[in-house]
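Here's a quick walk through a few helices and a strand, and what they pack against. Have the structure open as you read.

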Amino acid sequence: MSIGFIGTGAITEAVVSGLYTRGAYTDRILLSRRTRERSTILAERFPQIEVISENQTLVDRCSDVFVAVLPEQASDLLDGLNFSESHRVISLVAGLSVDAIKPLIAPATQCFRAIPMPPIEFGFGPVPVFPPDEQLQALFASVGDAIPVEDEARFNAFASAGAFMATYFDFVATLAAWMEEEGVEADTAAKFSSSMVHALSKLTKRVDAEKLQKMSEACLTPGGLNEQILHALQEEGFSDSIRDQLDKIMMRLS
């Protein structure tokens with residue numbers, strides 16, 4: 001399995017770094033020269049990396065080609081490359097379906113989609129894979145939780161939920177900023193907020209789907225502090241707003 005990445009943005013950097021530092025990956029990885037500064041830094045950091053100037057040269061030398069460019073760039077880029085029947089193309093591009101990609105990579109027929117997230121650099125986080133593929137799942141399982149997805153509509157649900165990252169970071173930052181306003185030293189506030197949400201997240205990984213839906217209720221006591229915040233946010237439509245935005249993102253991706 002020889003792999004290459006066309007597009008050297010933040011996600012490619014996270015995947016490659018994770019594979020080499022957390023996934024015990026030792027084989028050569030080819031990178032396109034797109035985002036020259038990042039590809040140069042990665043090549044200096046990992047001697048197994050080779051930076052390729054021409055995308056077609058990368059395709060010719062790899063069996064598995066990961067495409068990690070902006071959605072508006074993907075179609076023209078793929079249509080300008082020549083693939084063979086044996087190629088496997090893995091799209092990390094949001095909103096571009098397998099059916100839309102396959103005509104662009106013919107005669108190659110093996111096309112997959114995956115959603116690695118930034119924490120993969122540190123060896124954790126979910127990576128949905130559509131359609132399921134043991135080889136691809138094994139690669140991602142070395143640096144996170146590979147999740148095989150049988151249906152592309154459901155895959156879009158994973159992609160939609162993944163759009164919650166920025167909101168999550170803003171939530172943690174808001175907690176820390178409020179504590180600062182109350183006189184807590186900035187680093188201490190950041191440490192507390194980050195440690196708290198990290199601990200709570202670890203608890204959610206220990207329960208099944210049914211118990212997950214009951215964890216919030218279990219924190220509540222009549223007239224308690226948790227109840228005050230949760231009920232106030234619910235009255236302001238907090239949960240409904242999240243659902244509404246997720247529905248809209250699903251429509252964009254579909």
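## Helix H5 and its packing

The buried residues of H5 pack against helix H4 (71–79), E5, E6, E7 and H7. Keep in mind that this is a predicted model. The residues in question are Val-98, Ile-101, Leu-104 and Ile-105. Since they cover an arc of only 125° around the axis, they end up on the same side of H5. Flip to the other side of H5 and you'll find Asp-99 and Pro-103, both exposed.

## Ile-105 up close

Is Ile-105, a residue of helix H5, buried or exposed? Its relative accessible area is 0%, under the 20% cut-off, so Ile-105 is buried. Leaving out residues up to four places away in sequence, Ile-105 touches Leu-78, Phe-83, Val-89, Gln-110 and Cys-111.

Gly-125, on the other hand, sits 20 residues along the chain from Ile-105, and the C-alpha atoms of the two are separated by 29 Å.

## Ser-91 in strand E5

Now over to E5, the strand that spans residues 88–91 and includes Ser-91. Ser-91 has a relative accessibility of 3%, so it counts as buried too. Which residues is Ser-91 in contact with, once its neighbours within four places in sequence are set aside? They are Val-67, Ile-101, Phe-112, Arg-113 and Ala-114. Ile-101 is one of the buried residues of H5, and those pack against E5 among other elements.

## Helix H7

H7 runs from 152 to 162, and its buried residues are Glu-152, Phe-155, Asn-156, Ser-160 and Gly-162. Their arc around the axis is only 155°, which puts them on the same side of H7. The elements covering them include helix H5 (98–105), strand E6 (110–114), strand E7 (126–130), helix H8 (165–181) and helix H13 (238–253).

At the N-terminal end of H7, Asp-151 acts as a cap: one of its side-chain oxygens lies 3.0 Å from the backbone nitrogen of Ala-153.

## H8 against H9

H8, part of the cover over H7, also packs with helix H9 (residues 186–204), at an angle of about 140° and with the axes 8 Å apart. The two helices are therefore oblique to each other. On the H8 side, the contact involves Tyr-168, Phe-171, Val-172, Leu-175, Ala-176, Met-179 and Glu-180. H9 contributes residues including Ala-186, Ala-189, Phe-192, Met-196, Val-197 and Ser-201. As for handedness, H8 passes H9 in a right-handed crossing.

How values were computed
Residues numbered from 1 in each chain as written. Predicted model: local features only at pLDDT ≥ 70, side-chain atom pairs only at ≥ 80, totals over all residues. Heavy atoms only, no water. Helix = DSSP H or I, 4+ residues; strand = E, 2+ residues; numbered from the N terminus. Buried < 20%, exposed > 50% of the residue type's maximum accessible area, 1.4 Å probe, protein only. Contact = heavy atoms within 4.5 Å. Arc of directions from axis to C-beta. Polar contact = N/O pair within 3.5 Å; in protein donor to acceptor, adjacent residues only side chain to side chain. Axes fitted to C-alpha atoms, helices over the stretch in contact; angles between N-to-C directions. Parallel < 35°, antiparallel > 145°, perpendicular 65-115°, else oblique. Left-handed = near helix turned anticlockwise from the far one by under 90°.
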